[in-house]
Each structure stands twice: as C-alpha cells, then as structure tokens.
Number of protein chains: 2
Amino acid sequence: MIRASLVIIGDEILSGRTEDKNLPYLAKWLGNLGIHLSEVHIVLDNEDDIIESVNTLRKKYEYVFTTGGIGPTHDDITTDSIAKAFGVETRIDDDALEKMKEFLDGKELTEPLLKMLHIPEGGELIYSPATKAPGYKIENVFVMAGIPKIMQGMLEGMYDYLEKGEVVHSRSFDILVGESFFAEKLEEIQQEFQNISIGSYPFSRDGKYGATIVLRSIDDSALDNCEILIKELISKY
Amino acid sequence: MIRASLVIIGDEILSGRTEDKNLPYLAKWLGNLGIHLSEVHIVLDNEDDIIESVNTLRKKYEYVFTTGGIGPTHDDITTDSIAKAFGVETRIDDDALEKMKEFLDGKELTEPLLKMLHIPEGGELIYSPATKAPGYKIENVFVMAGIPKIMQGMLEGMYDYLEKGEVVHSRSFDILVGESFFAEKLEEIQQEFQNISIGSYPFSRDGKYGATIVLRSIDDSALDNCEILIKELISKY
C-alpha cells in the first residue's frame, strides 16, 4: 500500500479560528490514485515543530504533503523550516524569478515577492495546470499553499510525480441502533473478511444513536459478499 | 504558557469521509482557560500509531487530549493502545461497572458493554456534569469519545483537573490587498511589539486576494496600541 501524510502548518488552525478544508480534499484526491492518507500533523508556525513533523513523517511514509506558510509575510516560515529539516540552504529559483519579472513587467521586485521565490536547495518547482502558482517538491516532500483554491491547483501539478496504487473502494451503510448491540456480530464479519477493513462510526441524530458501517477494500467481489452480511445484520434492527 | 495537544483517532477522518468538529471546539474551550492548543496528530485506528503519538506528545506538552476509538466495536482500540503507551494493563473500573448494572436494571451485561468499562491501570474516570458518559485521565492524558456532543460533555468534567493560564486575547482585521504589499510594514510592527504574536492569513474572495491580520497577546493595552498601527496600515489600501 502506498501511504502519505500531511503536515498542516498554521497557528490559525490550532486556535480554532479557521477550519482546515485541505485534509478532506487531499484524502479523497489521493484515494482516487490509490494512495492512502495515513497520518496528519497540525503544527504552529514554529520552526522546531515543523522540522520535527516533516522529519518524522518523511521517514515513515512514501509521501509528505505540507500546506500553509509559504506566503510573503514574516510568519511564513515553511520553506526555511523545510530547508533546515533537510540540512540545506534556500536559493532563489531562476525559473520562478524569470516568470515573476515577466509578470511584474517593470514594476518593482520587492523583498516580500523575492521571499516567495526561494525554495530549498535540491527542491524542484512544480507548475500547475490549474493555477499560475507553483508548489515545489524536495525528495518525497511536497509543499503547497494553505488557501484551498491555490492548494488544489498545486496538487494537480504533482500528479505526475506520484506513484499510483490500487484504489480502495468503500461502501457505507447506516444502522439505527447503538453500537453495543451489533458489535459482536460485526467483529465476526470482520474476522470472516480479512481483506476488508470494517469500521463503525457512531453518530447521534435527533437524540438517537446509530452508526455508519464502512467497508473498505481493493477487492470488489469480497465487498459484494460482505455487503450481503452487513445488510442482513442491519435488517435485524 | 500552558500548552496542550490533541490526538484525533479514526480512519474516518483520514479518509476524508468525516470532517472533524472537535479540534475547533477544544481549541476555543482551552483558550478560554488560558491553555494553548499547540499540536494535533490525526492517526488511523492503529495501535502503533496511537502509541507513538501519545508518547511523543505527553512528554512535549502539559496535556494530551484524545478523541475517538473508545466505543464497543472491534475497531475501537484507543484504551488498549493508551494502556500499552503507559506500559500497563487495562482493568474494569468498579464504579463504572456498578453504574452500568444500575442502568441495565437486570438486562444482560454483554461483552461489548463490558469492553467500554475498561480503563488503563492508574487511570481515573472523569464524570461529566453534562452527560452520563465519563471520560478518563491517566497522568496528563485525557481520553474522550469522538462524537462531538459526548466529547463536549466529557470535556466539562475535565475542567477541575486542568491548571489554568493567562488568557490570550485576539483581535482580527481584514485587509483587502495581497500580502506582498504590506508584508514589510507588518514585520516592522511585529518587531515593535514583541509581546504580541501577529499572524497574517491570506484568503481569496470573489477572485480578489486579501488577508486577515490577527493579533494575539495576554496584554490588552499592548493590543490597543498595536491596533492603531494596524488600522493605519489597512487605511492605506
């Protein structure tokens, strides 16, 4: 299985002020390529924390994606932190510089604009078919902006760089009774289908408890067989 | 500063199927107590991953909260994993057993119900004023359910166990111009106010770029002074 992780960088997510929208988008986008999002860290705009998470996750997973902190303001420290995580300096990307000069068409290339043209040594800009803004990669780490629309464009540019895996299919079924009533039977079904991952996700709706049972597997015919047993189970309640 | 972290446990968040609602709630709730949510890990229903995150974060922060995986189904493995993280066994909590028997009033105490009464040795149930469901704590780790309504009730029960810090006040201002135009001036203001954390969070709205500038500090009068400069800056655009 090809596994990926995500580091969400930004005080604003951890303060509860901004709700992250990139995780679900990335999870589904990767899922369609057969890549399994397997761990997420959300960290402050703090160099040590970014370095620690990136270095832990790039050893543990095939891919690490990051979002946030690559803008022009003083609190945008992602690129410097990633360079330090790899033990390299940052440099101005020549290609990005040329494109920026074209775009500015004689207007001043200010320090904040110049800051955004830096990427870590050994990194490679990744241009997007969807937006002008490039992300970049360094080894197995893919660096993206935090604004969802821009992040999504950058992600499209990364498609060609990612190894694709077998796509996991999922089917979900709601059962309108508390989990403790069906937990034993569900465990039996799980034991019968070792190549299916069966999850039960409880909810409360209008004061009543229920759960969504989700089956996940790369094997569609196993899912067909398992689905029959799950529907039998649900029909009892 | 008193700092906390959160481990969100659940395949359903990482698949993108379910959007977590507990992070922003916890961040704001803790913020009101002067406790700063400083890192979040989102992990699969996988023992090794849960153990690794809990053991990393409980050494790094004053408090670790966890959500999810304490139900009765086979994929609920949080309590077993936390016991292993602390190197202890789980045991049935006598008080919880008694309350469950009362509640069942002669009905069968099934295996799934029994499973939910286990907590790690050395742990302590924490009853909530808001719901009947208890969470539990073991050392500086606070374990809660994933369903937001239940999680919120458990959290109320944890209030008395937490040391309170100085509350950080925040003020936010929108500026309707791209960040690169004001980044240098904003950095100057940041340098002038060392006891304020100034963040700039870009957005795009109706195709135009802007940013929300957020000031955070425990010092209200410093915020007053800083606010004047920020408003001056915004008035230029």
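This report describes the symmetry, the domains and one β-sheet of a predicted two-chain model.

Residues are numbered from 1 along each chain as its sequence is written, and chains are lettered from A and ligands numbered from 1 in the order in which they are written. In this predicted model, local features need pLDDT of at least 70 and side-chain atom pairs count only at pLDDT 80 or more, whereas totals for chains, interfaces and linings use all residues.

**Symmetry.** Chain A is superposed on chain B by a rotation of 180° with 0.0 Å of shift along its axis, at an RMSD of 0.0 Å (a least-squares fit on the C-alpha atoms of residues with pLDDT of at least 70 in both copies). This is the relation of a two-fold axis. Within chain A, His41(A) has the C-alpha nearest the axis, at 2.3 Å from it. Both copies use the same surface, since 100% of the contact residues of chain A recur in chain B (contact: C-beta atoms, placed from the backbone, within 7 Å).

**Domains.** Chain A is assigned domain 1 (2-161) and domain 2 (169-235), with bounds from an automatic or database domain assignment. Taken over C-alpha atoms, the centres of these two domains of chain A are 37 Å apart.

**Sheet.** Three strands of chain A form an open sheet in the order β9-β11-β10, with antiparallel pairing. Strands are DSSP runs (E, at least two residues), numbered from the N terminus, and two of them pair if DSSP finds at least two bridges between them.

| Strand | Residues |
|---|---|
| β9(A) | 169-175 |
| β10(A) | 197-205 |
| β11(A) | 208-217 |

The edge strands, β9 and β10 of chain A, each pair on one side only. Seven bridges join β9(A) to β11(A), and these strands run antiparallel. Opposite His169(A) stands Ser217(A) in β11(A).

Note on methods. Two residues are in contact if their C-beta atoms, placed from the backbone, lie within 7 Å. Helices (H or I, at least four residues) and strands (E, at least two) are DSSP runs, numbered from the N terminus.
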